[in-house]
There are 2 protein chains.
Amino acid sequence: MFREKRYKQVVHAVEKGILDGKYKLGDRIPSINSWRIRTGLSRSSIILALKELKSRGIIESDQSVGYFVSSTKIEVVYRILLLFGIPSLFKEDISNSLIQSLGNGVTVDILFHGADPETLDLLLDKVAGKYSVYVIIPSVNCNIESKLKRLGGKVILADYYVDSLIGKFSSVTQDFANDTYDALESCLPAIRRYKEIILVQNSRFEPMSRMDGIKRFCATYNFEVGYIKTMENLPIKQGAIYLTPEDREIVFILTAMEKQNLVIGRDFGLITFNETVLKKVISGGLTTLSTDFVQMGRTIAELIRQPGIRTVHNPWKLIMRNTL
Amino acid sequence: MFREKRYKQVVHAVEKGILDGKYKLGDRIPSINSWRIRTGLSRSSIILALKELKSRGIIESDQSVGYFVSSTKIEVVYRILLLFGIPSLFKEDISNSLIQSLGNGVTVDILFHGADPETLDLLLDKVAGKYSVYVIIPSVNCNIESKLKRLGGKVILADYYVDSLIGKFSSVTQDFANDTYDALESCLPAIRRYKEIILVQNSRFEPMSRMDGIKRFCATYNFEVGYIKTMENLPIKQGAIYLTPEDREIVFILTAMEKQNLVIGRDFGLITFNETVLKKVISGGLTTLSTDFVQMGRTIAELIRQPGIRTVHNPWKLIMRNTL
DNA sequence: TCTAATTTGTGCGTATGTATG
DNA sequence: GCATACATACGCACAAATTAG
């Protein structure tokens, strides 16, 4: 039999007060002690109720002063923070599909930590307690576990796989090592004729674990392995496949191609990461290996609705074009 | 948990007054009772704030006379909010160069209003009073003037030009109409041989005022004018120059080109907006017309440091390539 | 300037009911 | 039936910020 949680009466009382116009925007609502007297509940229960209202953005607290109405939109159930590294069009895909999947009763804010551990740390402090759901793309492997636990809401980790946090929070992630391995394996017939596989990446925003996948693939199927930070001013090796997540490296490679009079997809291969419309028309079409960020947004919505901790692997997709 | 202490608002108010030139060296600042009335804080809290200012050497007190400004060379921690429309890599340029120009002692948050007037309105309410500088990229011409004035910090408008707000707040903006006109004029010799200029854009995030510039240019120099929302499944008109800010339209145009066996830069022209590295290698190089967002960030930093209201026009740059 | 009162924030221990396997 | 985990609920103590006198 369903029984209403006792602390909910405080939540409903505040909601009703706002609806009736008794508590207006900016007004102070009764203090914890005041609620204790009028409800007979324990201090902890009152705090639980006020915490819920806070996480929905309906009230804010000023230490040692009181609780205040900060929004009259009591229909909000989930107040979600997306805490990303750096802006990109792919992040936009995640938030759009997330918002669409959850429907009404949701407000979403987006903040960026710039892949800087210190900034991330400060932001976590600043936003703690103010949201009901925190969707976080972690950057480097900094020690944020204790902070995440104290956010006071559901935490969902996205995109980047962080070993030490898996299993402790829900997550939808890419597995860069295994995804790269599997993708290469899936196009084995097309790449058999190449000798070497070279990863080109320098940005601190890109995971090095891709290299693990490449190494394992090359060991299994007898390719040579290579890694360089940039192709700037370097010639292309014939018989190699270049993998790169960076647009500037694509330009370096294609410029070198022109200079050396090579033919892409014959003399050498190229696989880029992250599908964008423009890649369809570059050099007759660039081959791309991408994660489906729209799907990632939908999965995040599911994780929000379901209780408990779940770990989901986001699917990858290889689009074969002219460059293999 | 991280929270600004209440008495800090007095500290910030004095800092802002000095930066704005409202309180000059030797001036008397408001009395304790005056602060009590305007902030609603207790006497003790006001004294706490004035104590801090005194210890930083910013004010001095004269028993039973008042508090006076003793130094205007103060170190302030700028607390900056960037309130943008939608995420994009160009916005990243602005914030990076802004942060770099201001150096240390700066905290920057970035929020997005999604080009939605209602969201912008709610966000302005939510963040009011919490920052010392608000850098805002407005969306549509909504009525936010009164809200901007009540933010309690320096307001700087960026990127989009909003007629009704110019002169009332500092701004660094593009002038889409005149920039487009000037850019076309600057490459007149190269485009003389075309007959028609067609703008292709559909996104609600793109300003329609570009059309005004195109119309004026075409009237002056005797071109035909055209506008369509999308080139999807449409053939290319020979003798036309297409202008588009959207990547998907570039793909539609280049696909149509292949199908009709046309040569870009001869049978028709193409000018795209916003320079990216990849545009160097598409179809032998796409011509781009861009605003320098790095420069915009630097200019914003200047506007923050200088008192008063200034209006700055951000420069544009046309990179001529293969498509004209 | 000092002190007492109020109010929110945090931590720890304990007990209970409910869902899971 | 049993072990476990988790959310709910209560009580207590102390810390930190603010207020009032």
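Here are four short exercises, with worked solutions, on a predicted model.

**Exercise 1.** Find out how many residues chain A and chain B bring to their contact, and which elements of chain A take part.

*Solution.* Start with the totals: 26 residues come from chain A and 25 residues from chain B. Next, look at chain A, where α4 (89-102), β5 (106-112), α5 (117-127) and α10 (247-260) each supply at least two residues of the side that touches chain B. Of these, α10(A) gives the most, with five residues. Finally, sort that side of chain A by class: 14 residues are nonpolar, three polar and nine charged.

**Exercise 2.** Work out whether N104(B) is buried or exposed.

*Solution.* First locate N104(B): it sits in the loop between α4 (89-102) and β5 (106-112) of chain B. Then count its neighbours: 7 other C-beta atoms lie within 10 Å. A residue is exposed if that count is 12 or fewer, so N104(B) is exposed. As an extra step, compare with Y78(B), which is 26 residues away in sequence and 9.4 Å away in space, C-alpha to C-alpha.

**Exercise 3.** Describe the surroundings of DNA strand D.

*Solution.* Begin with the count: 18 residues surround the strand, and the closest are R6(A), S64(A), R6(B), S42(B) and S45(B). Two or more residues each come from α3 (43-55) of chain A and α3 (43-55) of chain B. The largest share, three residues, belongs to α3(A). By class, this surface has five nonpolar, eight polar and five charged residues.

**Exercise 4.** Name the domains of chain A and say how far apart domain 1 and domain 3 lie.

*Solution.* The domain assignment gives domain 1 (8-69), domain 2 (78-173 + 293-314) and domain 3 (176-273). Between the C-alpha centres of domain 1 and domain 3 of chain A there are 58 Å.

Key. Residues numbered from 1 in each chain as written. Chains lettered and ligands numbered in written order. Predicted model: local features only at pLDDT ≥ 70, side-chain atom pairs only at ≥ 80, totals over all residues. Contact = placed C-beta atoms within 7 Å. Helix = DSSP H or I, 4+ residues; strand = E, 2+ residues; numbered from the N terminus. Nonpolar A, V, L, I, M, F, W, Y, C, P; charged D, E, K, R; others polar. Domains from an automatic or database assignment. Buried ≥ 20, exposed ≤ 12 C-beta atoms within 10 Å, placed from the backbone. Near = placed C-beta within 6 Å.
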